[in-house]
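Work through the exercises below with the model open. Each task is followed by a worked solution.

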Amino acid sequence: MKRETDPVDNPALIRMSRREALCATFAAGVALAIPRSARAQSQDLGTVVTKAIPGTGERLAAVGLGTDKFRTGAREAIRAEIRRMSELRGTVIDTAAAYGDSETIIGDVLAALGIRDRMFLATKLTATGGGRSVAGGEESFKRSLERLRTPRIDLLQVHNLDGVDELMPTLLKWKHAGKIRYLGITTSRVQQHGQMVDFMHRYPLDFVQVDYSLANRDAAANVLPLAIERKVGVLANIPFAFGSLFDQLQSRPLPSWAAEIDATSWGQFLLKYVIAHPAVTCTIPGSTQPAHLEDNQRAARGRLPDEAMRRRMEKFWDAG
């Protein structure tokens, strides 16, 4: 079963869809997604599952944090969430110049907590003129550094494949100068997977970011195998399909065999499926509440599904 891909091209509208979906599902079904024991803020969840960046061998915690819903009004909750993520040894925070207040909030929180060096910080480049202006891209990058309060970015990505050909020489220059450690490209739309594959053949990418979930497995047919072949890291976005997967699962009990992969919630079940794919380096579910963050981080603990279990999970989902 595949989710319907979001046809909206405006990033602000995409964020609105995700925010509305998650607000509705989490408000109605928080008990479904989060076990009571996960609310103990001082609890250490144990050894973190990490995965290697193919090009360098550097290891990242397999579950990170997406931030497209971050808004100033939720600053204190976000601060608590990022603090808790650091305590649980999560590392990857993904944001974008186009995500409203996100970069500024993240930069302020990381500086206040003194944990910038512990985090793998990824952002996305947005240029003026629909992403086609190199000068606009340079301004966007300068603004991101200022907002994030950092002299360099761990991963800089061209947002939604917009202006890849025009901006790639500049990204390569910045990487050579040490302003960025890794470079990549992103999409959250199945319709762009073919274009992403083309860019993967043409450019020396360190990462791609692509939509991938139990309900939306299109990337497994093209993008993910090529990432393995070309030794490109993968950030998997929208693993909950803008929250719609929780809508579909609310009336279904977690199968007893989920215990075989140490999953105690639907959120963990869904995330473990994603990070078990051999091409996926990290998945970045969005959240703005520490309790949701902690449940997500539990997916990077314990056993992951092997290939036979992944097929079982797919069959379970496809059966509806």
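Is Glu 294 buried or exposed, and what is its relative accessible area? Glu 294 is buried, with a relative accessible area of 0%. Buried means under 20% relative accessible area, exposed over 50%, and partly exposed in between, with a 1.4 Å probe and protein chains only.

The model is predicted: local features need pLDDT of at least 70, side-chain atom pairs count only at pLDDT 80 or more, and totals for chains, interfaces and linings use all residues. Residues are numbered from 1 along each chain as its sequence is written, and side-chain values use heavy atoms, with hydrogens and water left out.

**Exercise 1. Find the salt-bridge partner of Glu 294 and place both residues.**

Step 1. Apply the criterion: a side-chain nitrogen of Lys or Arg within 4 Å of a carboxyl oxygen of Asp or Glu. The partner is Arg 84, with the closest N and O atoms 3.0 Å apart.
Step 2. Locate the ends. Glu 294 sits in helix α10 (residues 290-298) and Arg 84 in helix α2 (residues 75-87), 210 residues apart. Helices (H or I, at least four residues) and strands (E, at least two) are DSSP runs, numbered from the N terminus.
Step 3. Check burial. Arg 84 is buried too, at 4% relative accessibility.
Step 4. Look at the host helix. Eight of the nine residues of α10 are buried, so the rest of the structure largely encloses this helix. Among them are Pro 290, His 292 and Leu 293.

**Exercise 2. Which residue does Glu 58 bridge to, and why does the pair tie together separate parts of the chain?**

Step 1. Glu 58 forms a salt bridge with Arg 181; the closest N and O atoms are 2.4 Å apart.
Step 2. Glu 58 lies in the loop between β1 (50-52) and β2 (59-61), and Arg 181 in strand β7 (residues 180-186), so the pair ties together parts that are 123 residues apart in sequence.
Step 3. Glu 58 is partly exposed, at 24% relative accessibility. Arg 181 is partly exposed, also at 24%.

**Exercise 3. Describe the salt bridge of Arg 149, then count the bridges in the structure.**

Step 1. Arg 149 meets Asp 108 at 3.1 Å, N to O.
Step 2. Arg 149 is in the loop between α4 (134-148) and β6 (153-158), while Asp 108 is in helix α3 (residues 102-113), 41 residues apart.
Step 3. Arg 149 is exposed at 51%. Asp 108 is partly exposed at 24%.
Step 4. The structure holds 19 salt bridges. A network of them links Arg 217, Glu 307, Arg 310, Arg 311, Glu 314 and Asp 318.

**Exercise 4. Trace the open sheet of eight strands.**

Step 1. The order is β3-β4-β5-β6-β7-β8-β9-β10, with parallel pairing. Two strands pair if DSSP finds at least two bridges between them.
Step 2. β3 (65-66) and β10 (282-283) stand at the edges with a single partner strand each, so one side of each has no neighbour in the sheet.
Step 3. Take one pair. Five bridges join β8 (residues 207-211) to β9 (residues 233-237). Phe 207 has Gly 233 as its bridge partner in β9.

**Exercise 5. What is the sign of phi at Arg 89 and at Leu 161?**

Step 1. Recall the background: most residues other than glycine have a negative phi.
Step 2. Arg 89 has a positive phi, near 70°. Its place is the loop between α2 and β4 (92-94), and it is partly exposed at 36%.
Step 3. Leu 161 has a positive phi of about 60°. Leu 161 is in the loop between β6 and α5 (164-177) and is buried at 4%.
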